[in-house]
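Here are my notes on the model, set out as numbered points. Please read them with the sequence and the structure open.

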Amino acid sequence: MTQANSALGADGNEGTTLPVSRREPEVHMPARERAAKNSSDDPGKKKRFGLRTLAVAVLTAFVAGSLLQFAQFAHHVATTEVPASAQADAIVVLTGGQERVSEAVRLLEEGRGERLLISGVHPGTTRKQLAAVTESAKPLEAGSVELDREALNTAENATETANWVRKNGFDSLLVVTSAYHLPRATAELSGALPDVQLIGYPVFAKDLQLDAWHTKPATIRLLIREYVKYTVARLRIAVRGMS
């Protein structure tokens with residue numbers, strides 16, 4: 001068979017050239033475009049992507065709002081001032097530091113209130129010990145100073161104080177506590193004594209530099225803890241008021 005005839009088939013016909021399958025060159029699509037294409041092709045993916053975006057936006061707004069409110073709380077605490085006219089029917093001091101009790105006893109001796117309640121006193125603490133610690137010029141007599149040994153926290157301070165105020169018929173109250181604690185103490189007492197005038201009297205600890213709170217990690221942690229407690233207390237009081 002000649003070379004020309006080799007192109008013929010067995011039946012004598014010319015051989016037919018079969019089409020050859022060729023692979024199309026791959027088109028490399030950027031990852032972002034592929035994600036957008038897949039998302040548009042799948043309605044479920046598109047919906048999930050939208051929900052995730054919304055969740056991130058809501059979380060970001062919540063965190064930003066919380067940080068702003070905390071900054072406002074810290075600024076309010078740092079700039080709180082002693083009232084110009086600190087005069088009331090009675091005085092209550094919430095224990096938690098020697099400075100608080102010493103300041104409350106001083107206010108009583110100056111005649112800023114007729115009676116003093118020291119709320120949250122340890123069961124084993126005596127009047128003589130309190131007088132020594134506060135360096136009072138007068139003994140803490142039962143007729144002018146009463147000790148609340150029942151309260152274990154700020155909410156219980158408010159409850160015991162409310163009972164004392166109602167029993168004695170006081171219409172105004174000087175509230176003595178640390179500056180950072182004053183917002184929560186006032187909130188608790190306002191909930192327990194809605195008809196009594198409360199005058200906050202902040203006490204500033206010597207080792208707590210509130211004016212530079214944003215540069216002191218320990219002070220920042222203290223204010224964050226107090227802000228959380230303050231927020232929880234306000235929510236609890238609001239819920240209790242609605243019920």
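1. Overall make-up. Of the 243 residues in the chain, 33% are buried. This is a predicted model, and everything below should be read with that in view. The chain has 7 helices and 5 strands. Followed along the sequence, these elements come in the pattern α-α-β-α-β-α-β-α-β-α-β-α. Among contacts with a separation of 6 or more, 73% are between residues 24 or more positions apart.

2. Helices α6 and α7. Helix α6 covers residues 182–192 and helix α7 covers residues 217–242; their axes come within 9 Å and cross at roughly 10°. Because of that angle, α6 counts as roughly parallel to α7. The crossing of the two is left-handed. On the α6 side the contact uses Pro183, Arg184, Ala187, Glu188 and Gly191, and on the α7 side Glu226, Lys229, Tyr230, Ala233, Arg234, Arg236, Ile237 and Arg240. By class, the residues of this contact of α6 with α7 are 5 nonpolar, 1 polar and 7 charged.

3. Helices α5 and α6. Helix α6 also packs against α5 (residues 154–168), at an angle of about 45° and with the axes 9 Å apart. At that angle α5 is oblique to α6. The crossing of α5 with α6 is right-handed. From α5 the contact takes in Thr154, Ala155, Ala158, Thr161, Ala162 and Arg166, and from α6 Arg184, Ala185, Glu188, Leu189 and Ala192. The residues of the contact of α5 with α6 sort into 6 nonpolar, 2 polar and 3 charged. Arg184 and Glu188 of α6 are listed in the contact with α5, and Arg184 and Glu188 are also listed in the contact with α7.

4. Helices α2 and α7. How do the axes of α2 and α7 cross? They do so at roughly 105°, coming within 10 Å. This makes α2 roughly perpendicular to α7. Ser66, Gln69, Phe70, Phe73, Ala74 and Val77 of α2 meet Ile220, Leu223, Ile224, Glu226, Tyr227 and Tyr230 of α7. The residues in the contact of α2 with α7 comprise 9 nonpolar, 2 polar and 1 charged. Glu226 and Tyr230 of α7 take part here, and Glu226 and Tyr230 are also in the contact with α6.

5. Val175. This residue is in strand β4, residues 172–178. Val175 counts as buried because its relative accessibility is 1%, where the cut-off is under 20%. Setting aside residues up to four places away in sequence, Val175 touches Val92, Leu182, Leu189, Leu198, Ile199, Gly200 and Tyr201. The C-alpha atoms of Val175 and Ala86 are 9.8 Å apart, with their positions 89 residues apart in sequence.

6. Ala179. Is this residue buried or exposed? Ala179 is buried, at a relative accessible area of 2%. It is placed in the loop between β4 and α6. Ala179 and Pro202 are 23 residues apart along the chain, and their C-alpha atoms are separated by 4.4 Å. Without its neighbours within four places in sequence, Ala179 is in contact with Val77, Pro202, Val203, Phe204 and Leu210. Val77, one of these, also belongs to the α2 side of the contact with α7.

7. Thr80. This threonine is in the loop between α2 (43–78) and β1 (90–94). Thr80 counts as buried because its relative accessibility is 18%, and the cut-off is under 20%. A polar atom of the Thr80 side chain lies 2.6 Å from the backbone oxygen of His76. Beyond its neighbours within four places in sequence, Thr80 is in contact with Leu182, Pro202 and Phe204. Pro202 and Phe204 are also among the contacts of Ala179, while Leu182 is also among those of Val175.

8. Thr219. This threonine is found in helix α7. Thr219 is buried, with 5% relative accessible area. Apart from its neighbours within four places in sequence, Thr219 is in contact with Leu208, Leu210 and Trp213. Leu210 is also one of the contacts of Ala179.

Key. Residues numbered from 1 in each chain as written. Predicted model: local features only at pLDDT ≥ 70, side-chain atom pairs only at ≥ 80, totals over all residues. Heavy atoms only, no water. Helix = DSSP H or I, 4+ residues; strand = E, 2+ residues; numbered from the N terminus. Buried < 20%, exposed > 50% of the residue type's maximum accessible area, 1.4 Å probe, protein only. Polar contact = N/O pair within 3.5 Å; in protein donor to acceptor, adjacent residues only side chain to side chain. Contact = heavy atoms within 4.5 Å. Axes fitted to C-alpha atoms, helices over the stretch in contact; angles between N-to-C directions. Parallel < 35°, antiparallel > 145°, perpendicular 65-115°, else oblique. Left-handed = near helix turned anticlockwise from the far one by under 90°. Nonpolar A, V, L, I, M, F, W, Y, C, P; charged D, E, K, R; others polar.
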